[in-house]
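Me: I'm new to reading protein structures and would love a close look at one part of this one. Could you walk me through the second largest pocket, and then show me how the rest of the chain fits around it?

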Amino acid sequence: MRAVEFQEYGGPEVLRLVTAPVPEPGPGQVSIDVAYTGVNFADLKARSEGYRVPALPYVPGVEVSGRVRAIGAGVTDLAVGQEVMALTEGGAYAEVTVAEAATVFPVPSGLDLRTAATLPAVLPTAYALVHTVGRLQPGESVLVQGAAGGIGTAVGRLARAAGAGAVYGVVSSAAKAAHAKDHGYDEVFVGAFQEQVRAATGGRGADLVLDPVGGDTLRAGLASLAVFGRLVSFGNASGAEPWTVGQPELYPRGVSVSGFSILTLAATAPDVLRRLSEQAFAKAADGTVTLPVTAEFALAEAAQAHRLMGGRSSTGKLLLRVAD
């Protein structure tokens, strides 16, 4: 089969199209003939710095759609040929991949495989940030970093559907601001945001801040919280040193900080992830959330997809088209 792998860490140029053995599912697993693969920032971090890479060479990719190819021992609720979408532990930039059955889901009625590939990592993350971890209440305000990306796009829609009083976004360009405003955001800030958030909220601050960046951006988000506000960290795109927070930051306004990683949850609590994902996918099935595919590449063009996402000019969701 064809697959895209890297044998060393570096820029997009280290991605190579290779011929690889077809993987077979073990107990509790299924193999999938891949139709589409989602491109995520986690893939870029794996390629550039070894994020969640157990060994080299490595085939990146954590979400796919396709059809069940083979079933491992103990799997009873999936069938060969069934259309599915899945969260994987890597290996999704390939014509065949293997996933734990607990993270494989039937494609909801009314959705095609192309749309399904946008969902497995992005939508459960967005749902958790708004509902499960963020606990957004009607009338509250939310501030979202990376508002024009895949997760940011979904969060905007979910927050609006949850009755948010105001949905604020932060992006890196005016073009991205326009995209975010089309997906549920009331106001979008380009670059610096701390003073703008205070001004927009009459000095009060945001009730919920969602941060995938870390570093100084996380600190500014923490300072942008209202009294009793919550910040959820769900990434460290800045590559900054691990942050710490304690009494000086939390006590004065009674704020709180929490974290979320869908890949970690898949490893530590797959049953919880499954329930969360099913709730999230229902929001796509009923039309509450749509994730626009803004660019699609052939499998052999994976490096181009990484360049686009790494250049910070992309919006919405990027896909690799694997099946011809």
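Reply: Let's start with what the walls are made of. In this predicted model, the lining of the second largest pocket has 20 nonpolar residues, along with seven polar and five charged ones. The space inside comes to about 540 Å³. In total 32 residues line this pocket, and the ones closest to its centre are Thr88, Glu89, Gly90, Gly91 and Val98. Which elements give two or more residues to that lining? They are α1, β6 (96–100) and α9. Strand β6 gives the most, with five residues.

How do we find such spaces at all? Rolling a probe the size of a water molecule over the atoms shows where empty space is left.

Now turn to the largest pocket, which holds about 1200 Å³ of space. It is lined by 43 residues, and Phe41, Ile151, Pro212, Phe234 and Ala237 are the closest to its centre. Several elements give two or more residues here: α1 (41–49), α3, α4 (150–161), β9 (166–171), α9 (262–268) and α11. You have already met α1 and α9 in the lining of the second largest pocket. In the largest pocket, α1 provides the largest share of the lining, four residues. By class, this lining has 22 nonpolar, 17 polar and four charged residues.

Follow the chain on from α1 and you come to the loop between α1 and β4 (63–71), where Pro57 lies. The peptide bond from Leu56 to Pro57 is cis, with omega near -5 degrees. Arg52 is found in that loop between α1 and β4 too, and its phi is near 60 degrees, a positive value in a residue other than glycine. Arg52 is partly exposed, with a relative accessible area of 39%. Why point these out? Most residues other than glycine have a negative phi, and most peptide bonds are trans. Another positive phi, near 50 degrees, belongs to Arg135, in the loop between α3 and β8 (141–145). Arg135 counts as exposed, because its relative accessibility is 52% and the cut-off for exposed is over 50%.

Helix α3 also takes us to the inside of the protein. The largest nonpolar core has 55 residues, and Leu123, Leu210 and Phe260 have the most contacts inside it. Helix α3 (residues 122–132) supplies the largest share of this core, seven residues. A second, separate core of 37 residues includes Ile32, Ala94, Ala295 and Val322. As for Phe260, its contacts beyond four places in sequence include Thr125, Ala128, Leu129 and Phe234. Phe234 is also one of the residues closest to the centre of the largest pocket.

One more stop is Thr315, in the loop between α11 (302–310) and β15 (317–321). Is it buried or exposed? Thr315 counts as buried, because its relative accessibility is 17% and buried means under 20%. Leaving aside neighbours within four places in sequence, Thr315 is in contact with Ala148, Lys176, His179 and Thr294.

Finally, step back to the whole chain, which has eleven helices and 15 strands. Its radius of gyration is 19 Å, close to the 20 Å that the globule rule gives for 324 residues, so the chain is as compact as a globular protein of that length. Buried residues make up 53% of the 324 residues. Among contacts between residues at least 6 apart in sequence, 69% join residues at least 24 apart.

Key:
Residues numbered from 1 in each chain as written. Predicted model: local features only at pLDDT ≥ 70, side-chain atom pairs only at ≥ 80, totals over all residues. Heavy atoms only, no water. Core = buried A, V, L, I, M, F, W, Y, C linked by side-chain atoms within 4.5 Å. Buried < 20%, exposed > 50% of the residue type's maximum accessible area, 1.4 Å probe, protein only. Contact = heavy atoms within 4.5 Å. 1 Å grid on protein atoms, 1.4 Å probe; cavity = no way out; pocket = protein on both sides within 12 Å on 5 of 7 lines; lining within 4 Å. Points joined across faces, edges and corners; volume = space filled by probe spheres on them. Nonpolar A, V, L, I, M, F, W, Y, C, P; charged D, E, K, R; others polar. Rg over C-alpha atoms; globule rule 2.2 N^0.38 Å.
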